[in-house]
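Please work through the following exercises with the sequence and the coordinates at hand. Each task is followed by a solution that proceeds step by step.

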Amino acid sequence: MLKTILFISLLFLTACTTTYDTGSFTPILTSDDTAVVYIYRPPTISNAIYSPELFINEEYKISIKNGQSSLIKLTPDNYIFAIEPDKSYSGITQLSLTLVAGHTYYIRVDTSLKIKSATTYEPYQRNFNLIHVDENLAISQIERCCLSKNKSSTERVLSPGSEKQTIDGFSVDKTQNPFSH
């Protein structure tokens with residue numbers, strides 16, 4: 001009996017000392033000639049499979065994935081961040097920021113999904129909001145949402161001249177016709 005109690009106590013003791021380290025988030029240091037913008041989207045069930053595209057000054061930059069963060073380096077200027085302007089998403093899908101060299105900015109993308117009318121079979125109303133967030137709040141939210149070792153979170157870096165984010169992965173260009181032999 002004593003051995004069983006000691007064994008169970010040992011199991012509880014190891015369970016209490018087991019923690020999941022999600023890591024800590026440290027923003028990169030900015031240079032005197034660029035500004036850094038972090039864009040992050042906390043994981044939610046609603047719209048989880050949708051990754052809307054983010055346009056900066058009407059030019060496509062990245063796809064905003066659920067539970068991930070992105071880092072963009074830009075030259076100081078006025079910028080308009082917009083989520084797919086040609087789509088009819090509701091919410092605050094456009095945000096204007098004046099970026100100053102040497103500063104870091106944080107934009108959170110919130111999302112929700114509503115049903116307009118279930119009786120008339122209307123499509124869902126997808127809602128995306130771009131929110132400029134204070135640094136302390138953003139750092140704690142990024143640590144919770146986008147740095148877990150169990151998730152596939154990536155930090156993408158884009159510079160002012162880059163047209164589109166490229167990530168190695170599946171591409172039709174890398175495949176061949178299986179019937180061509």
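The exercises below concern a predicted model, and they go from the overall fold to single residues.

**Exercise 1. Overall architecture**

Task: Determine how many helices and strands the protein has, and in what pattern they follow one another along the sequence.

Solution.
Step 1. Counting the elements gives two helices and nine strands.
Step 2. Reading along the sequence, one obtains the pattern α-β-β-β-β-β-β-β-β-α-β.
Step 3. The protein has 181 residues, and 34% of them are buried.
Step 4. Consider next the contacts with a separation of 6 or more: 68% of these are made by residues 24 or more positions apart.

**Exercise 2. The packing of helix 2**

Task: Identify which residues of helix 2 are buried, and against which strands they pack.

Solution.
Step 1. Helix 2 spans residues 135–145.
Step 2. Its buried residues are Ala 138, Ile 139, Gln 141, Ile 142 and Cys 145.
Step 3. These buried residues pack against strand 1 and strand 7.

**Exercise 3. A cysteine pair**

Task: Find which cysteines form a disulfide, and state whether Cys 145 is buried or exposed.

Solution.
Step 1. The sulfur atoms of Cys 145 and Cys 146 are 2.3 Å apart. A disulfide requires a separation within 2.5 Å, so the two residues qualify.
Step 2. The count of disulfides comes to one.
Step 3. The angle about the S-S bond is -65 degrees, and the link of Cys 145 and Cys 146 is left-handed.
Step 4. The cut-off for burial is a relative accessible area under 20%. Cys 145 has 5% and therefore counts as buried. Cys 146 is buried because its value is 1%.

**Exercise 4. Aromatic pairs**

Task: Describe how the rings of Tyr 38 and Tyr 106 are arranged, and then treat the rings of Tyr 79 and Phe 81 likewise.

Solution.
Step 1. A pair of aromatic rings is described by the distance of the centres and the angle of the planes.
Step 2. The whole structure contains four aromatic pairs.
Step 3. For Tyr 38 and Tyr 106, the distance is 5.5 Å centre to centre and the angle between the planes is 10 degrees, and the pair is stacked.
Step 4. Tyr 38 belongs to strand 1 and Tyr 106 to strand 7 (residues 104–115), so this pair ties together parts that are 68 residues apart in sequence. Tyr 38 and Tyr 106 are buried.
Step 5. For Tyr 79 and Phe 81, the ring centres are 6.4 Å apart and the planes lie at 45 degrees, so this pair is tilted. Tyr 79 and Phe 81 are both buried.

**Exercise 5. Residues in loops**

Task: State where Asn 57 and Glu 84 are located, and which of the terms buried, partly exposed or exposed applies to each.

Solution.
Step 1. Asn 57 is placed in the loop between strand 2 (53–56) and strand 3 (59–63). Although Asn 57 is not a glycine, its phi is positive, at about 50 degrees.
Step 2. Asn 57 is partly exposed because its relative accessible area is 38%.
Step 3. Glu 84 is found in the loop between strand 5 (77–83) and strand 6 (94–99). Glu 84 is likewise a residue other than glycine with a positive phi, near 30 degrees.
Step 4. Glu 84 has a relative accessible area of 8% and is therefore buried.
Step 5. Two further loop residues may be added. Thr 34, in the loop between helix 1 (2–17) and strand 1 (35–41), counts as buried because its relative accessibility is 15%. Beyond its neighbours within four places in sequence, Thr 34 contacts Leu 74, Pro 76, Ala 101, Gly 102 and His 103.
Step 6. Gly 67 occupies the loop between strand 3 and strand 4 (68–74), and with a relative accessible area of 5% it is buried. The C-alpha atom of Gly 67 is 5.4 Å from that of Arg 41, although the two residues are 26 residues apart along the chain.

**Exercise 6. The largest pocket**

Task: Establish what volume the largest pocket has, and which residues are closest to its centre.

Solution.
Step 1. The volume of the largest pocket is about 190 Å³.
Step 2. Ten residues line this pocket, and the closest to its centre are Ser 88, Tyr 89, Tyr 124, Gln 125 and Arg 126.
Step 3. Sorted by character, the lining comprises four nonpolar, three polar and three charged residues.

Conventions
Residues are numbered from 1 along each chain as its sequence is written. This is a predicted model: local features need pLDDT of at least 70, side-chain atom pairs count only at pLDDT 80 or more; totals for chains, interfaces and linings use all residues. Side-chain values use heavy atoms; hydrogens and water are left out. On a 1 Å grid over the protein atoms alone, a cavity is a set of points where a 1.4 Å probe fits but cannot get out, and a pocket is an open set with protein on both sides within 12 Å along at least five of seven lines; lining residues have an atom within 4 Å of a point. Grid points are joined across faces, edges and corners, and a volume is the space filled by probe spheres set on the points. Ala, Val, Leu, Ile, Met, Phe, Trp, Tyr, Cys and Pro count as nonpolar, Asp, Glu, Lys and Arg as charged, and the others, Gly among them, as polar. Helices (H or I, at least four residues) and strands (E, at least two) are DSSP runs, numbered from the N terminus. Buried means under 20% relative accessible area, exposed over 50%, partly exposed in between (1.4 Å probe, protein chains only). Contact means heavy atoms within 4.5 Å. Rings of Phe, Tyr and Trp (its six-membered ring) pair if their centres lie within 6.5 Å; planes under 30 degrees apart count as stacked, over 60 as edge-to-face and the rest as tilted.
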